Structures are given as structure tokens and as C-alpha cells.
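Student: I am new to this structure and would like to understand one part of it closely, along with whatever lies around it. Please start with the chain as a whole and then go through that part step by step.

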Amino acid sequence: MASQLGLKSRIASTTSLGKIFNAQEMIASSHIAKARTVALNAKPYSDAIFDAVQALAAHTEIDHPIVKSTEHNPRVAVLALTSDRGMAGAYTSSIIRETESLLARLDKVGKQPLLYVYGRRGVSYYRYRNRKIAATWEGDTDQPGAETAREIADRLLEDYMKTAAQGGVSELYIVFTEFVNMVVQKVRVLRMLPVELVRNSDQKADPVANVTVEPVENDKSENGAASSVAATVPGDVTSVAKTDQTSPLYTFEPNVAKVLDAILPKYVQSRIHECLLTAAASETASRQNAMHTATDNANNLIDTLTRQLNASRQASITQELTEIISSADALNKEEE
Amino acid sequence: MAGSTMKVNIVASDRPLWTGEAKSVSIPASEGGMGLLPDHEPILTVIDKGTVSAIDVDGNRHSFEVTDGFASFDSNSLTVAVETGVDTKKDPTATAD
């Protein structure tokens with residue numbers, strides 16, 4: 001049995017760790033409210049962009065590189081959204097696991113994936129392994145602002161718009177964690193570019209008014225191993241409910257091409273911002289869960305250790321008493 | 001008359017700026033300043049850096065310094081979506097960040 005001194009110091013250190021875990025848990029729960037506010041504030045903008053893209057899709061034949069890739073180019077971009085700090089359970093490691101399996105899948109079909117990483121943990125993971133990274137961003141993974149989304153979107157769109165000869169990419173996949181609820185967060189793979197606009201012509205009424213904007217899910221999930229963790233994104237299909245209403249005739253200023261040039265990149269940017277926000281909410285939630293479990297574990301450990309300490313103290317008292325009594329007995333016998 | 005006011009919704013990429021009924025709105029469209037009155041024809045236009053200002057039903061002016069974005073007008077409702085926007089009057093309710 002460990003010495004009493006040893007047990008005491010273990011109890012003390014576990015207590016102070018428990019306090020840290022508890023504090024982290026409380027910080028995480030206070031951040032969740034903030035993450036929700038940020039997401040709510042960004043919602044009207046992404047709604048407005050979505051409506052505008054809908055209007056565009058309904059009134060024009062969209063012919064823009066963002067919507068369909070024109071040339072054959074095996075290079076594709078993969079953006080992994082990880083966290084800046086640890087203490088978030090399996091958050092970053094699940095993202096990395098899914099990214100690795102996506103990279104392997106892309107490799108297998110003859111693509112050349114380029115890696116883009118957001119979040120210090122992911123960056124240091126790949127740097128340590130000397131992996132080639134095309135670009136990295138760090139900071140504010142738990143509360144990403146519109147500026148961060150703009151930086152990322154600008155860089156990725158720039159690479160996307162380049163030709164193959166210039167080192168451009170033809171597709172963009174995003175690996176991020178979707179916030180389902182406080183307990184469940186799922187790793188998702190989303191194909192962001194090229195944006196796929198689907199017309200639902202099978203619906204009644206005015207078919208032109210029914211547009212489904214569907215950034216198509218990754219369809220190469222023949223690798224079933226990871227697909228239990230990382231389902232693809234069918235929930236991303238958003239259909240329009242304006243069935244009974246004929247779309248008004250729009251005027252586009254200065255002209256349709258310019259409007260497309262202006263709006264489609266913004267649409268992509270706002271989609272990336274959405275991914276960042278849901279990833280941030282997931283990070284905070286998984287940090288809160290991890291810290292909650294850690295606090296519970298620390299408390300259990302303290303209980304066990306305290307019991308051991310008490311037992312060993314009692315054992316030593318019993319031993320001392322036995323010794324005293326037996327020596328007293330021995331003395332009494334000598335006197336007789 | 002139904003056309004005396006229109007719904008206006010001005011949003012920046014990180015937060016909503018102003019929502020309400022307005023009698024007229026002027027926007028810095030890419031082809032030059034544009035004024036919109038209620039019942040304008042449906043339009044989707046790109047906007048540049050400049051000032052968006054809306055005059056509400058009480059005649060108060062709400063102005064915002066904005067950077068690029070777009071505006072769309074449809075069924076008497078105007079949506080202005082911009083990258084960044086700052087209230088020029090520093091109205092505390094609109095600029096609360």
C-alpha cells in the first residue's frame with residue numbers, strides 16, 4: 001500500500017486538476033451561448049445570399065466556373081477544420097482521422113489532394129509529420145469571425161480560379177464537425193466547390209421557381225470504415241418552398257455576369273463561415289463534455305484515494321495499538 | 001396606398017444592421033448611386049463601397065457606411081447584404097457589437 005504521504009500528495013494534485021477541469025467546463029459552457037449568438041447574427045446575411053443565388057438560378061442559365069469546373073485537373077483542395085487548443089476530447093483527432101481517410105480515398109481515384117488546415121492542433125499535427133500543407137490559418141477557432149471566413153474563402157477561391165497550369169485546384173472538400181446537439185457532434189465531409197445548382201423540374205407549379213442549391217456530398221465513400229463516424233451530407237440539400245408563386249422578372253445590374261461574379265464568391269464565403277461556426281460550436285460543446293467527464297473522473301479518483309488513505313491510516317493506528325499492547329503485556333509478564 | 005412604404009432589411013456578414021419599413025432607400029450601386037422607392041421593379045444589383053441610407057416612415061434617416069455587397073428588391077421588400085457596415089450616426093442599438 002502506498003505511503004500516506006504519497007496518497008496525500010496525489011489527492012492534493014488531483015484536487016487542483018479537478019478545479020482546472022471544472023473551470024474549463026464552465027468557460028466552455030459560457031462560450032456556447034456566445035457561439036450561438038454569433039451564429040444567429042450571421043444567419044440573416046447567409047439567408048440573403050441564399051435568396052439572391054436562388055433568384056439568379058431561377059432567372060438565368062448560370063454559366064460560371066464556380067458552378068461547373070471547365071477543365072480536367074486532378075488537383076483538389078481539402079480543408080480540415082480543427083481546434084486551436086486541446087482539452088476538447090476527440091474533436092481534433094476525429095477530424096484528422098476523417099481527413100486522412102478522405103485523402104486516401106481521393107488518392108485512390110487518381111486525384112492529387114492539397115491540404116489546407118485551420119486550427120493550431122491540426123497544423124502542428126501535420127507539421128510534426130512533415131506533411132505538405134498548402135496553407136494554414138490559426139486563431140479564434142472557438143469564435144471565428146467573418147474576417148477569418150473571408151481570409152479562408154479568398155485563398156481557396158483564388159486557388160480554385162487558377163488554371164491547372166498555375167497550380168489551381170478543381171474541387172474543394174471541407175472536413176468539419178457538425179453541431180447536432182450538446183451531446184452529439186458529427187464529422188462531415190462537404191464538397192463545397194464547384195457549387196452544384198440543381199433544378200427540381202419534377203415539382204408542380206412553376207419549375208423555374210424551384211431551385212435546389214445543393215453543394216453535393218462526397219460520393220466516393222466506398223471506404224466504409226470511416227463512414228459510420230463521418231456520414232456525408234445529405235442534410236445540406238435546401239429546397240425552395242416558393243411553389244405557388246411565379247418568380248418576378250428581375251433586372252440585373254450592371255449585368256448578369258457581373259452579378260454572378262460578385263455573388264457566387266460571397267455565397268461560398270458565407271457557406272464557409274457557416275461551416276466555421278458549426279465547427280466552433282462543436283468544439284466548444286465537445287470541450288465542455290470532455291471537461292465534464294474529466295471533472296467526474298477527478299472526483300472519483302479523489303474518493304478512491306481518500307478511502308485508501310483512510311484505510312492505510314487506520315491500519316497504521318491498529319498496528320501501533322497492537323505494538324503498544326503487546327509490549328505492555330511483555331512488561332507485565334516480566335514483573336510477575 | 002400599399003406602395004407608400006416598403007420592407008427593408010440591411011444585413012452585414014456578421015450581424016443584422018437595420019430592419020424596418022422605409023419610404024425610400026438610396027444605395028451605392030456599382031453603376032452609380034441608386035434610389036429605390038416602394039414598388040420598384042424586381043432588381044438585383046451589385047453595390048460598391050459607399051453609404052446606404054434609408055428613410056423610415058417617421059422621416060428618420062438611417063445611414064450605414066458599407067463595403068461591397070449586393071441589394072435585391074422583390075415583392076416590395078428590399079434586402080441589402082454587405083460585407084461590413086457601420087452606422088454613420090453611431091446609433092447604439094445598431095452598432096452594438
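**The sheet of chain A and its surroundings**

Tutor: Of the 336 residues in chain A, 38% are buried, where buried stands for 20 or more other C-beta atoms, placed from the backbone, within 10 Å of a residue's own, exposed for 12 or fewer, and partly exposed for counts in between. Because this is a predicted model, local features need pLDDT (the predictor's confidence in each residue, from 0 to 100) of at least 70 and side-chain atom pairs count only at 80 or more, while totals for chains, interfaces and linings use all residues. Residues are numbered from 1 along each chain as its sequence is written, and chains are lettered from A and ligands numbered from 1 in the order of writing. The model has scores of ipTM 0.83 and pTM 0.77.

Chain A is built from five helices and eight strands, which are DSSP runs numbered from the N terminus, with at least four residues (H or I) for a helix and at least two (E) for a strand. Starting at the N terminus, these elements follow the order α-β-α-β-α-β-α-β-β-β-β-β-α. Two residues are in contact if their C-beta atoms, placed from the backbone, lie within 7 Å, and among the contacts of chain A between residues at least 6 apart in sequence, 77% join residues at least 24 apart.

The part to look at closely is an open sheet of chain A, whose five strands lie in the order E3-E2-E1-E4-E5 with mixed pairing; strands pair if DSSP finds at least two bridges between them. At the edges of the sheet stand strand E3 (135-137) and strand E5 (185-193) of chain A, and because each has a single partner strand, one side of each is left without a neighbour in the sheet. The partner beside E3(A) is strand E2 (residues 112-118) of chain A, to which E3(A) is joined by three bridges, and these two strands run parallel. One place to find this pairing is A:Tyr118, whose bridge partner in E3(A) is A:Trp137.

Two helices of chain A pack on this sheet. Helix H4 (residues 146-161) of chain A packs there and touches strand E1 (75-81), E2, E3, strand E4 (171-179) and E5 of chain A. H5(A) also packs on the sheet, with E1, E4 and E5 of chain A as the strands it touches.

The largest nonpolar core, meaning a set of buried Ala, Val, Leu, Ile, Met, Phe, Trp, Tyr and Cys residues joined through C-beta atoms within 7 Å, has 97 residues, and those with the most contacts inside it include A:Val78, A:Leu79, A:Leu81, A:Leu172 and A:Ile174. Helix H5 (residues 256-335) of chain A gives the most to this core, contributing 18 residues. If the neighbours within four places in sequence are left aside, A:Leu172 is in contact with A:Ala77, A:Leu79, A:Leu156, A:Tyr160, A:Met192 and A:Leu193.

A contrasting position is A:Arg131, found in the loop between helix H3 (120-128) and E3 of chain A. A:Arg131 is exposed, since it has 11 other C-beta atoms within 10 Å. Not counting residues up to four places away in sequence, A:Arg131 touches A:Leu115 and A:Tyr126; the C-alpha atoms of A:Arg131 and A:Leu115 are 8.9 Å apart, although 16 residues separate the two along the chain.

Beyond the sheet, chain A also meets chain B, in a contact that takes 23 residues from chain A and 21 residues from chain B. On the side of chain B that touches chain A, E4(B) gives the most, with four residues. E4(B) also pairs in the parallel sense, over three bridges, with strand E8 (residues 251-253) of chain A, and within that pairing A:Phe252 has B:Leu44 as its bridge partner.

Chain B itself has one helix and nine strands, and its 97 residues are 37% buried. Five of the six residues of E8(B) are buried, so this strand is largely enclosed by the rest of the structure. E8(B) is joined to E1(B) by six bridges in a parallel run, with B:Asn9 standing opposite B:Thr79, and E8(B) pairs with E7(B) over six bridges in the antiparallel sense, where B:Thr79 is the bridge partner of B:Ser72. The hairpin of E7(B) and E8(B) has two residues between the strands, and in it B:Ser75 takes a positive phi near 45 degrees.

Terms used
Axes are lines fitted to C-alpha atoms, for helices over the stretch in contact, and angles run from 0 to 180 degrees between N-to-C directions.
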